[in-house]
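User: I am new to this structure and would be grateful for a close look at one part of it. Please begin there and then connect that part to other places worth examining.

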Amino acid sequence: MTEKQITTTSEAQIAVHWGEEQYYYPSYEFVAQANMTDPEIYNRFSLENFPNCFKEYADLLDWDQYWTNILDTSDAPCWKWFTGGKINASYNCIDRHLAENKNKTAIHFVPEPLNEKTEHITYQELYVRVNEFTALLQDFCGLKAGDRVTLHMPMVAELPIAMLACARLGVIHSQVFGGFSGRACADRIVDSDSHILITMDTYFRNGKLIDHKQNADVACELAEKDGKKIDKVLVWQRYPGKASSKTPMIENRDFFVNDILKDYYGARVAPVPMPAEAPLFLMYTSGTTGKPKGCQHSTGGYLAYVAGTSKFIQDIHPEDTYWCMADIGWITGHSYIVYGPLALCASTVVYEGVPTFPDAGRAWQIAQDLDVNIFHTAPTTIRALRKIGPDEPAKYNYNFKHMTTVGEPIEPEVWRWYHEVVGKGKAIIVDTWWQTETGGFLCSTLPGISPMKPGSAGPGLPGIHPVIYDDDGNVLPAGVGKAGNICIQNPWPGGFQTIWGDRQRYVDTYYSRYNKDPDSKDWRDWPYLAGDAAVEAEDGYYRILGRIDDLINVSGHRLGTKEIESAAMSVPEVAEAAVVPVSHEIKGKEPDLYIALRPGLTGDSEQAQIISDAICREIGKIAKPRNVWIVPDMPKTRSGKIMRRVLGAISNNTDIGNVMTLANPDIVEDIKSIVSK
Ligand code: WTA
């Protein structure tokens, strides 16, 4: 490796020295019932058979009009799948199941308080509720296909209902994670140009009833300052008919959904057949610069891909009870709580609260009560549950056949606890590597076919052909023990279409690095740069080592250092801010914040608190820095760039290396003495 790579992929350098792990094999019992046990699938989905292989996924859906062209590359690298086809996502997730399964539970909604009943919403009930809300969106809000709507909803059944109602009309939904602040919501309203905001008055989290309505007021006010006025705020009530939030309603802007909905009882709205390439939703994700990116996902390609991967990787059968403990406000929830499982007519669990309320046994209690047999969560949650209740799973009588881990690399030790204790040594595990941009899984083992290897995601999925390039574009072959930039050689139906309103940024960020001819219309010329460092073992399994850019992965959620830094800079006294990731036992990584104040000012703990609060307000609690270190100056290169590498080493108590190239090497000792106090 070159000197340059050593400094840019230092995390990779550590990780490639990890030893190889032993294989774990799926049980005969699992294989006997698995949806996919034929290894031929890898040949059917080989590069030679690309793109036609994906017909198999498209055929899992019901089309209003069958497509004519499987992959249109004329606007490369903005790929269009299944063109000529027309389809409705709401129809595919609801209506088509009614004939045979209308009385089956579609959504189990589990409220956080123990004294509230779980709601079992059948497919018929889902059909009724989605239709009524669709009628409200169409008639009361005047929404039509192509309009954008921002949702800022907690984890309640009304969230998938609202999403499916939008999809029924071809309205593009943009759900903002419920834990995000009003400011974050406003930015997304402005960027997507939404005029309707759908929210909820309150919800439970960790035993507390949160007043969520106040975020809507902040969002509307800030969006209006940025020139985007919200016409209507639709407020679902956590307790219909009872105002549980103290924040007042604003006349002619705020409406309780439960009141208005009465006018639409019994209404039915025919699903609008949408072109396959029409956008279904936007999902904002952090980028390296301040502004979040609105990943635009398609209707036909996306739905086909999440249905196919839910079937083959999640092994979902219609009789399964499936629980993904992610938040629907992240891509995992969109793809693998809502669209994938419902397209396959499974029963999907929506849990309002945190998995540790009121105690470390809650998750297993829910699994037992609902007879969940497929379970899906993130390493951060597994670490937390392992820390506070290592013996809890054994106390509950649930039966998982299948478990997923997603969102960040899982340490083999944690993997083994998941397998032995949570999975009771029986459940298979898939470690699914993918991204907001990719719509669905990219790398994972096929659960009924391939053995598992702790800490490795596995090979590319059928039809996904990864390659690892070094910084100069040379392929790093399997087994060389070197980390590089993982790319996907071919498009796939679940991939995002563009960044909303910013095609150039889409091309620059994901495709320009390894593209040789910007005018090419051939997909072979456009490897997709995922932005992760990875290493490929001899067996073709990929181990993901983390981001190559400036993102911090906190509890499986991506945060841009630039976002946090710019939030810190909103405090007038702050001159410079630098964020570095520090390792955290549970969350994976936490942001550590270094601040240099304006000249002449000296900071104290009160000042540090103000800065920390500003970050929580601007982004959300998830971005709260572990420490705010107020330092006299930042370590800088001669050209004035802040050396985050040095700060990172100080925060993580690792070797700082040579600092003599800095413009101000003496500052390093000063900062070290502040941090070691
Ligand atoms: C990381 C979440 C290792 C990776 C679906 C990626 C993972 C980023 C894994 C995307 C995994 C996701 N193993 N790392 N199984 N899954 N990542 O957009 O760095 O929230 O680029 O999507 O999470 O995060 P995002």
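Which residue in S12 stands opposite Val-235?

Analyst: The residue in S12 that stands opposite Val-235 is Phe-256. The model is predicted, so local features are given at pLDDT of at least 70 and side-chain atom pairs at pLDDT 80 or more, while totals for chains, interfaces and linings use all residues. Residues are numbered from 1 along each chain as its sequence is written, and side-chain values use heavy atoms, with hydrogens and water left out.

The pair Val-235 and Phe-256 belongs to the pairing of strand S11 with strand S12 (residues 254-256), which is parallel and has 3 bridges. Strands (DSSP runs of E, at least two residues) and helices (runs of H or I, at least four) are numbered from the N terminus, and two strands pair if DSSP finds at least two bridges between them. S11, residues 232-236, also pairs with strand S8 (residues 196-200), again in parallel, through 5 bridges. In that second pairing, Lys-232 of S11 is the bridge partner of Ile-196. S11 is mostly covered, with 4 of its 5 residues buried; buried means under 20% relative accessible area, exposed over 50%, and partly exposed in between, with a 1.4 Å probe and protein chains only.

In a regular strand, the side chains alternate between the two faces of the sheet.

A helix can be covered as well. Helix H18 (residues 561-568) is largely enclosed by the rest of the structure, because 6 of its 8 residues are buried. The buried residues of H18 are Thr-561, Glu-563, Ile-564, Glu-565, Ala-567 and Ala-568. Met-569 lies in the loop between H18 and strand S28 (574-584). With a relative accessibility of 38%, Met-569 is classed as partly exposed. The C-alpha atom of Met-569 is 47 Å from that of Leu-344, and these two residues are 225 residues apart along the chain.

The next site is the ligand. Around the ligand there are 17 residues, and the closest are Asp-431, Thr-436, Asp-532, Arg-547 and Arg-558; a residue is near a molecule or strand if one of its heavy atoms lies within 4 Å of it. Asp-532 has a side-chain N or O atom 2.7 Å from an oxygen atom of the ligand, which falls under the term polar contact (a pair of N or O atoms within 3.5 Å). The protein buries 96% of the 530 Å² that the ligand exposes when taken alone, areas that come from the Shrake-Rupley method with a 1.4 Å probe. Helix H13 (331-343), strand S20 (428-432) and strand S25 (542-547) are the elements that give two or more residues to the shell around the ligand. Gln-435 places a side-chain N or O atom 3.0 Å from a ligand oxygen. At Glu-408, a polar backbone atom is 3.4 Å from a ligand nitrogen.

H13 leads into a loop that ends at strand S17, and Cys-345 is found in this loop. The phi angle of Cys-345 is near 65 degrees, a positive value in a residue other than glycine, and Cys-345 is buried with a relative accessible area of 4%. Asn-206 also has a positive phi, near 55 degrees. Its place is the loop between strand S9 (202-205) and strand S10 (208-211), where Asn-206 is partly exposed at 46% relative accessible area.

The loop from S17 (347-351) to helix H14 (362-370) contains Gly-361, and Pro-358 lies in that loop too. Phe-357 and Pro-358 are joined by a cis peptide bond with omega near -5 degrees. Gly-361 counts as buried, with 1% relative accessibility. Its C-alpha atom is 7.2 Å from that of Gly-389, which is 28 residues away along the chain. Another cis peptide bond joins Ala-76 and Pro-77, with omega of about 0 degrees; Pro-77 is in the loop between strand S1 (69-72) and strand S2 (80-83).

Finally, the cysteines. The search of the whole structure finds 0 disulfides, a disulfide being a pair of cysteine sulfur atoms within 2.5 Å. The sulfur of Cys-78 is too far from a partner for a bond, because the closest cysteine sulfur, in Cys-295, is 12 Å away. Cys-78 is buried at 9% relative accessible area. Cys-443 is likewise too far for a bond, because the closest cysteine sulfur, in Cys-487, is 12 Å away. Cys-443 is buried, with a relative accessible area of 0%.

Methods:
A polar contact is a pair of N or O atoms within 3.5 Å; within protein, one must be able to donate a hydrogen and the other to accept it, and residues adjacent in sequence count only if both atoms are side-chain atoms.
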